[in-house]
Amino acid sequence: MATKKRYLFPADYMADPSVHIFNDRVYIYPSHDWECENVENDNGDQYVMKDYHVLSTDDPMNGEVIDHGCALKLEDIPWAGRQMWDNDCQEKDGKYYMYFPLKDKCDIFRIGVAVADCPEGPFIPQPDPIRGSYSMDICVLKDGEDYLMYFGGLWGGQLQRYKDNKALESAYLPEGEEPALPSRVVKLTDDMLQWAEEPKPVYVVDEEGNPLKANDPHRFFEASWVHKHNGKYYFSYSTGDSHLLCYAIGDNPYGPFTYKGVILTPVVGWTTHHSILEYKGKTYLFHHDSVPSGGKSWLRSLKVCELTYNEDGTIQTIEGIDE
Ligand code: FUB
């Protein structure tokens, strides 16, 4: 049977939803797509986002979706160059911390933090990005007392420009049978404003414990998301140029995570990006596609559907294209 899906916010083009429950409501932190004149390229120059809105609802499939308005914009960020891509938000001690990737004035992705008193913002940016930060596509997991940031993405996401958290003289993207480039995970400091340690690679391995290879269509590309289910950690991600959302399961938030399968087959549009949330006894997949814009990959629309686990904890694959 086809999975019932809903376009969450037909009034505007938004993408890359990061979703959390705050004060018993579902808060959605998307990126905000804009029309652009640029030619589409592998650097993602067509993704010209320059602000963030926050949305919320108390019923993802049927309820009203409220747009709380602009929560943070490019011109308010002192170090801003261009392109506010996928953000995430977490709460600690009554404050809300938005983490966002943005290219600085030298066109290098850094990760910024902005702080608010309520989940809908407005968010006030820190004067500088997180020290030593790089790349994009952020997810922050609250794990007990710890807050763990996952980040990184290939091609336009610039992850191939770094090794052991240092910039390379020349970018290096593994090929063929070489191990795929992994996402990164790092603990945040108690004040939520910096990294508390050196980021570590997040390995996705096969059933024998070998890292997935660069030529595997199921390897990590971007859009890390981590959620917990029945005591296990689920690391899910986009495979970029093979256009899948995949997942892997582990016993530890730092991994390794054992590859398990495909969550969502390709959608209309180049990118696929998501989050997974359990709310009021149901599990939801939030994602985007480019159907409403007639396939323009840089004008995406937010979507939601229910996600179903099998008894063994694996996830049933959802079709990305509706009949
Ligand atoms: O929205 C810009 C970029 O496109 C995101 O950072 C990627 O995950 C992809 O969705």
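Which residue stands opposite His 229 in strand 19? The residue is Lys 232, and the pair is taken up again in the legend to Figure 5. All views below are drawn from a predicted model.

**Figure 1. The open sheet formed by strands 2, 3, 4 and 5.** The 4 strands follow the order 2-3-4-5 and pair in the antiparallel sense. Strand 2 and strand 5 (66-73) are the edge strands, and each has a single partner strand, so one side of each is left without a neighbour in the sheet. Direction ignored, neighbouring strands of this sheet are turned by 25 degrees against each other on average. Strand 4 (residues 51-57) is joined to strand 5 by 5 bridges, and the two run antiparallel. Within this pair, Asp 51 lies opposite Lys 73 of strand 5.

**Figure 2. Strand 2 and its hairpin with strand 3.** Strand 2 covers residues 14-22, of which 8 of the 9 are buried, so the strand is largely enclosed by the rest of the structure. Its antiparallel pairing with strand 3 (residues 25-32) comprises 7 bridges, and Val 19 has Ile 28 of strand 3 as its bridge partner. The hairpin has 2 residues between the strands, and Asn 23 adopts a positive phi near 50 degrees there. Most residues other than glycine have a negative phi. Asp 16, which belongs to strand 2, also has a positive phi, of about 55 degrees, although it is not a glycine. Asp 16 counts as buried, with a relative accessibility of 5%.

**Figure 3. Strand 12 and its two pairings, with strand 11 and with strand 15.** Strand 12 (residues 146-151) is mostly covered, as 5 of its 6 residues are buried. Strand 11 (residues 139-143) is joined to strand 12 by 5 bridges in an antiparallel arrangement, with Val 140 opposite Met 149 of strand 12. In the hairpin between strand 11 and strand 12, 2 residues separate the strands, and Gly 144 takes a positive phi near 65 degrees. Strand 12 also pairs with strand 15 (residues 183-187), through 4 bridges and again antiparallel. In that pairing, Leu 148 stands opposite Lys 187 of strand 15.

**Figure 4. Lys 142 of strand 11 and Asp 137 of the preceding loop.** Lys 142 is partly exposed, with a relative accessible area of 41%. Its C-alpha atom is separated by 9.4 Å from that of His 227, a residue 85 positions away along the chain. Asp 137 lies in the loop between strand 10 and strand 11. Although it is not a glycine, Asp 137 has a positive phi of about 55 degrees. Asp 137 is buried, at a relative accessible area of 3%.

**Figure 5. The open sheet with mixed pairing.** This sheet has 5 strands in the order 17-21-20-19-18. Its edge strands are strand 17 (204-205) and strand 18 (222-229), each of which pairs on one side only. Strand 18 and strand 19 (residues 232-238) are antiparallel and share 6 bridges. His 229 and Lys 232 stand opposite each other in this pairing.

**Figure 6. Two cis peptide bonds that precede proline, at Pro 122 and at Pro 256.** Most peptide bonds are trans. The bond from Gly 121 to Pro 122 is cis, with omega near 5 degrees; Pro 122 is located in the loop between strand 9 (109-116) and strand 10 (124-125). The bond from Gly 255 to Pro 256 is likewise cis, with omega near 0 degrees. Pro 256 is located in the loop between strand 20 (245-250) and strand 21 (257-264).

**Figure 7. Cysteines Cys 36 and Cys 118.** The model contains 0 disulfides when sulfur atoms must lie within 2.5 Å of each other. For Cys 36, the closest cysteine sulfur is that of Cys 70, at 19 Å, which is too far for a bond. Cys 36 is buried, with a relative accessible area of 11%. For Cys 118, the closest cysteine sulfur belongs to Cys 89 and is 9.8 Å away, also too far for a bond. Cys 118 is partly exposed, at a relative accessible area of 26%.

**Figure 8. The largest cavity and its lining.** A search of the whole structure finds 1 cavity of 30 Å³ or more. About 80 Å³ of space lies within the largest cavity. The lining residues include Leu 181, Val 202, Tyr 203, Arg 219 and Phe 220. By class, the lining has 9 nonpolar residues, 1 charged residue and no polar residues.

How values were computed: Residues numbered from 1 in each chain as written. Predicted model: local features only at pLDDT ≥ 70, side-chain atom pairs only at ≥ 80, totals over all residues. Heavy atoms only, no water. 1 Å grid on protein atoms, 1.4 Å probe; cavity = no way out; pocket = protein on both sides within 12 Å on 5 of 7 lines; lining within 4 Å. Points joined across faces, edges and corners; volume = space filled by probe spheres on them. Nonpolar A, V, L, I, M, F, W, Y, C, P; charged D, E, K, R; others polar. Buried < 20%, exposed > 50% of the residue type's maximum accessible area, 1.4 Å probe, protein only. Pairing = 2+ DSSP bridges. Axes fitted to C-alpha atoms, helices over the stretch in contact; angles between N-to-C directions.
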